[in-house]
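Visitor: Could you take me on a close look at one part of this fold? I'd like the sheet that carries a helix on it, with whatever else belongs in the picture.

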Amino acid sequence: MYIGEKYDVIVIGGGHAGCEAALSAARMGAKTLMICLYLDSIAMMPCNPSIGGPAKGHIVREIDALGGECAAAADASTRHLRWLNTSKGAAVRTLRAQCSPRRYSDHYRMALLTQRNLELHQAQASELLIEDGRAAGVKIKTGQSFYAECVIIATGTYLDSRIYIGTTAHKSGPLGMVAATDFAKSLRGCGLEMGRLRTDTTPRLHYDTIDWEALDCQRSIDEPQAFSHFGEKKVYDEMICGLTRTNARTHEIIRKYFGKSPLYTGKLGTIGPRYCPSIDDKIIKFPEKETHPIFLEPITPEGKEVYVQNFSTSMCLEAQFESVRTIKGCERAHILRPGYAIEYDFVMPTQLKPWLEAKAVKNLFLAGQVNGTSGYEEAAGQGLIAGINAALRARGGEPFVLRRDQAYIGVLIDDLVTKGTNEPYRMLTSRCEYRLTLRHDNAAERLCQAGHDVGLLPDEKYEKYLAAKEAEERERIRISDYKIPPSEEVNEKLSEIPSSPLCEGMSAADLLRRPEVDWKFVYDMTNSAAEEEIFEKISNELKYEGYVSRQQRQVEKFRRMELLKIPPYIKYGELTGLSDEGRGKLAKISPATLGQASRIPGVPPTDIQLLWVAIERGRRGADAAK
């Protein structure tokens, strides 16, 4: 690297979004520069040291299928692994891993440092450079400027950020890092509409000061598993998590210190994450609750740190010390790092196109918490898409967009750019209309082809996907042809299953279709040589095939609306009959397709019908003129 050099892509930020953006752009052949505050804080986990969980685990699998790094980083650092939502069906079941933050960060750092076409530089960005209405580069604090065809902003929660602990507040990024104040001013000066959000984190306790024998313990699953489709499955027995609860005394102490709480006194006026409220927020909003669950999750064996899940807070130190010691198992606990709230600037995401490019500034892409999201996985998913699209733009390619029916990442980005957010956005399975077809187990089937086509998923991984796909098809044919003899032994086993009719020489596939029949039962019965994961996936598809077929019909209807692009000659101000609210919302969001227009809050179905008529009228006029 030298100062006058020009890049294809510059990425500002070294968090999850920045890492995935830089890696994806470089892997696609774009000459890339990543600028971050501190090289040792790459892919830092300032909040919960976990990856996955409902919807988030789906995103990690999707990133991996497309050719991203998040799943591999999780597998390299996992110390505790669980299946979540196992009682709610295969559609929403997913993995959640407790990771070592140091190992996780080290994995990303080595991936970045050894990646061809990618250079890293430790510096503080101070100004976004714009020329002729397009992003041209970035200026750093020491005065030097770097130039590129495209710029990706992935600054996380650092923009003009402030830390709150009790009545004290100071400018700071997460965990005492430097706040990006100058760069926040630069973005405001570019005409981007910005707002303020906040998030909270928990105190960290010293491992040796916790009475682990007093806690309910949770061990990892005993089956080999991995997030990555291409990684080695393992059993993780290195760590045990502890379960405990708050009590009346805990709540009493928290209330006692409300006068020193920035949340209670109104000093913190910004909106925090609705689905992950702080403990003081819970006491305020749910006074009738006598207890709340707490999970004690060790972070690193060498650092002796324990994360107190469900106990994020911005209370004063006295309140944190006293309230923590009322919790069973924590009576002698020592706080290594206090919990805090962090308030920061974000960019209103409705100013972005579906491929995460700013509408007002060409070749400028934004990804991660700067777009108003919360969570590592949501950030990583956006970073991957921003990196892909910046690399495509740099070489003159068409934008890459994931649909809502194609991936959770597609749902996430579509929600952001179409509906916007006024609170930290968290991906939930309930936000996804097509949960049955967007499962944890079929991410490769949905996205590996797209990842390879765009030039991100390498040939060796793509070939491994094709081999697994072929093995799955062979097994599907085998169990369709495999006739289970109506023997006494088989019928005796089936009689143990409530309401299960006896076998009359049916195929293994027909047996798997029965809701009450467990796939492992048929797997053993048919002496299958296929991988268990493949057999279970086939079983899920057979059990849900009626529902999936119905959902596929809904998907086809959705795709027809998504294919109907809104041409540039449509002027909302000139369309008669539109409602005033609909006209304003359509003009502000400027949707790319009729499908996106239909999802804008405040745009009634009658306006969508009028818009469709206008599009069709224009199309017929264009056809007649040919």
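Guide: Here is a walk around that sheet, followed by a few other spots. A word on the ground rules: this is a predicted model, where local features need pLDDT of at least 70, side-chain atom pairs count only at pLDDT 80 or more, and totals for chains, interfaces and linings use all residues. Residues are numbered from 1 along each chain as its sequence is written, and side-chain values use heavy atoms, with hydrogens and water left out.

The sheet is open and has 4 strands in the order E11-E10-E19-E12, paired antiparallel. Strands E11 (168-171) and E12 are at the edges with a single partner strand each, so one side of each has no neighbour in the sheet. Helices (H or I, at least four residues) and strands (E, at least two) are DSSP runs numbered from the N terminus, and two strands pair if DSSP finds at least two bridges between them. On average, neighbouring strands here are turned by 25 degrees against each other, direction ignored. Helix H5 (residues 181-189) packs on this sheet, where it touches E11, E12 and E19, and its direction makes about 145 degrees with that of E12. For those angles, axes are lines fitted to C-alpha atoms, for helices over the stretch in contact, and the range is 0 to 180 degrees between N-to-C directions; contact means heavy atoms within 4.5 Å.

Now zoom in on E12 (residues 194-201). This strand pairs with E19 (residues 340-347) in the antiparallel sense over 8 bridges, and Thr201 has Tyr340 as its bridge partner in E19. Of the 8 residues of E12, 7 are buried, so the strand is largely enclosed by the rest of the structure. Buried means under 20% relative accessible area, exposed over 50%, and partly exposed in between (1.4 Å probe, protein chains only).

Asp160 belongs in this picture too. This residue lies in the loop between strand E9 (145-153) and strand E10 (162-165), and is buried at a relative accessible area of 15%. Leaving aside neighbours within four places in sequence, the contacts of Asp160 are Lys171, Ala180, Thr181, Ala184, Arg188, Arg196, Glu343 and Asp345.

There is another sheet to set beside this one. It is open, with 6 antiparallel-paired strands in the order E14-E15-E16-E17-E13-E18. Strand E14 (216-218) and strand E18 (335-337) are at its edges, each with a single partner strand, so one side of each lacks a neighbour in the sheet. The twist there averages 35 degrees from one strand to the next. Within that sheet, 4 bridges join the antiparallel strands E15 (residues 241-245) and E16 (residues 293-300), and Leu243 has Phe295 as its bridge partner in E16.

Last stop, helix H11 (residues 408-419). The 12 residues of H11 reach 16 Å from first C-alpha to last, close to the 16 Å expected at 1.5 Å a residue; that expected span is 1.5 Å times one less than the number of residues. Since 11 of the 12 residues are buried, H11 is largely enclosed by the rest of the structure. The cover over its buried residues includes helix H2 (56-66), helix H10 (376-394), helix H19 (580-589) and helix H20 (594-598). Just after H11, Gly420 takes a positive phi of about 75 degrees.
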